[in-house]
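Open the structure in your viewer and keep the sequence panel beside it. The tour below moves from one selection to the next and says what is found at each stop.

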Amino acid sequence: MTFESREFVPVYRTADIRDIETRALAGLQPPGLMERAGLAAAQIARNVTASGGRVLIFAGPGNNGGDAFVVARHLKAWWFKVSVVFTGDAEKLSADARAAYAAWRDSGGSTVEDIPADPRWDLVIDGLFGIGLQRDLTGKHAGWVAAINALDTPVLAIDAPSGLDTDTGRVLGSAVRATHTATFIGLKPGLLTLDGPDHCGQIHLCTLGLDAAALRAAQGAVIGSSVIAAALPARRTNSHKGDYGSLGIIGGAPGMIGAALLAGRAALNLGAGRVYVGLLAATNTGYDPLQPELMLRTVDAVLKLDHLNCLAAGPGLGQTPDAHHVLAAALCTNLPLVLDADALNLIAFDAGLQQLVSQRTHATILTPHPAEAARLLTGTTAGVQADRIAAACTIAARYRSFVVLKGAGSVCALPDGTWFINTSGNPGMASAGMGDVLTGIIAALLAQGADAKHALLAGVHLHGAAADALVATGTGPIGMTAGEVTAAARVLLNRRSTPD
């Protein structure tokens, strides 16, 4: 799913979608929403499978099942060979779903109570459960999900894969693994984060002729690729390194110098004019042999510089008393500050540091992974993952900070309660040093003058997009390194920030 030209694409929770449906119905002209949804899904089905093929459709006991009956009717009219599995009570369906069932039967269609003994399906359509499912799938429906996943056949999910919580991305016992998902009216967060990306396949957004944003303002959005160009203006010809910021990076305790260097290299390659790396480790190495442009200093020397535009603290910082001291000093500066890794762990366990964070008057960006987020919330990793959006928003509010909760479908939250989901990136990023590179990228954008919101969102999206570009050229996902992502991110930043 790509968004080439839009900076942000609205995302709606289930309650928001229900509200949009209610508002739309007040002035909606025929056909109704179920007919529109079924036709949209049927058109996608026709496009992704061979004409006249054999299609197996599962219709559930609710409105998702009603959508499935509409899909079946259209595909039958287009000469597909359609079989519909349905064991519900037609009399207990909603009025719209009951009408869709009746129209399917009136068209000459029938239903069966179990999967026909024919392995030669060209497409399976999942219309068991859509948005709003809150309970684990069990019994017959869980069995059907298992059967769908066992078929070596493309699967189109209607609105959402059955068994997936569309608000959080959690799997409710078991969930369909779809090849395609036709989702209606607006995007849902659970399709985009946690387990959603593993279950949705290619997402097709079908608006059904509604302008969702005009009916209800969205509190969340997907980050589009144009956010990268929006973060920084094009560079003037008449400029010098001082125009692009001076950045200090604090970290590099004994045994972890590499983390600070990775962050520093990323910051330099992503455009910061000058990068100073303050190391806690005592070392005789006065320069980085792979990136001699970096200026290596002691931590105290970096903190005393009076021309810095931005600070980042945490990569390889450790949790010693010295680390605590320098982190407190960094928190007291009047500079935008990016915090990662052990900086977050130190804050999580120290009320004094927490107070310093929440009292800062300059932008603070926190970049936790789920375990670090759990510490910041004095909760559990499982609790964070159970509702990633809620966790990110709670951290942003509690610490008065900008936040990215890293992971599949990273969630960015702002202090004002708005949130964003990033869809770039791939499993190759599950390797050492990736978080250090992200810290360097975000800090580089801040140093060059991007505001905290755009530095965070553009940095997160660019980080993932760089990894995607590497996979597209055969580098990864297996074996992808953080340093390779830095180099790819530089290419993308120049490509998308240079005017035509």
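**A tour from helix 3 to a late loop**

Begin by selecting helix 3, whose buried residues are Asn64, Gly65, Gly66, Asp67, Ala68, Phe69, Val70, Val71, Ala72, Arg73, His74 and Leu75, where buried means under 20% relative accessible area, exposed over 50%, and partly exposed in between, with a 1.4 Å probe and protein chains only. Before going on, note that this is a predicted model, in which local features need pLDDT of at least 70 and side-chain atom pairs count only at pLDDT 80 or more, while totals for chains, interfaces and linings use all residues. Residues are numbered from 1 along each chain as its sequence is written, and side-chain values use heavy atoms, with hydrogens and water left out.

Helices (H or I, at least four residues) and strands (E, at least two) are DSSP runs, numbered from the N terminus. Helix 3 covers residues 63-77 and is mostly covered, with 12 of its 15 residues buried. From its first C-alpha to its last, helix 3 reaches 21 Å, close to the 21 Å expected at 1.5 Å a residue, the expected span being 1.5 Å times one less than the number of residues. Just after helix 3, select Trp79, which takes a positive phi of about 75°.

Next, select strand 1 (residues 8-11) and display its side chains, which alternate: Val9 and Val11 point to one face and are buried, whereas Phe8 and Pro10 point to the other and are not. Add strand 8 (residues 220-223), which pairs with strand 1 in the antiparallel sense over 4 bridges; two strands pair if DSSP finds at least two bridges between them. Within this pairing, Val11 stands opposite Gly220 in strand 8.

Now move to strand 6 (residues 180-184), where 5 of 5 residues are buried. Both of its faces are covered, with His180, Ala182 and Phe184 on one side and Thr181 and Thr183 on the other. Strand 5 (residues 155-158) runs parallel to strand 6 and is joined to it by 3 bridges, and here Ala157 stands opposite Thr181. Strand 7 (residues 202-206) also pairs with strand 6 in the parallel sense, over 5 bridges, and Phe184 stands opposite Cys206 in strand 7.

Finally, select Gly476, which lies in the loop between helix 18 (452-472) and helix 19 (482-497). Is Gly476 buried or partly exposed? Its relative accessibility is 25%, so Gly476 counts as partly exposed. Add Pro427, which is 49 residues apart from Gly476 along the chain, and the two C-alpha atoms are found to be separated by 8.9 Å.
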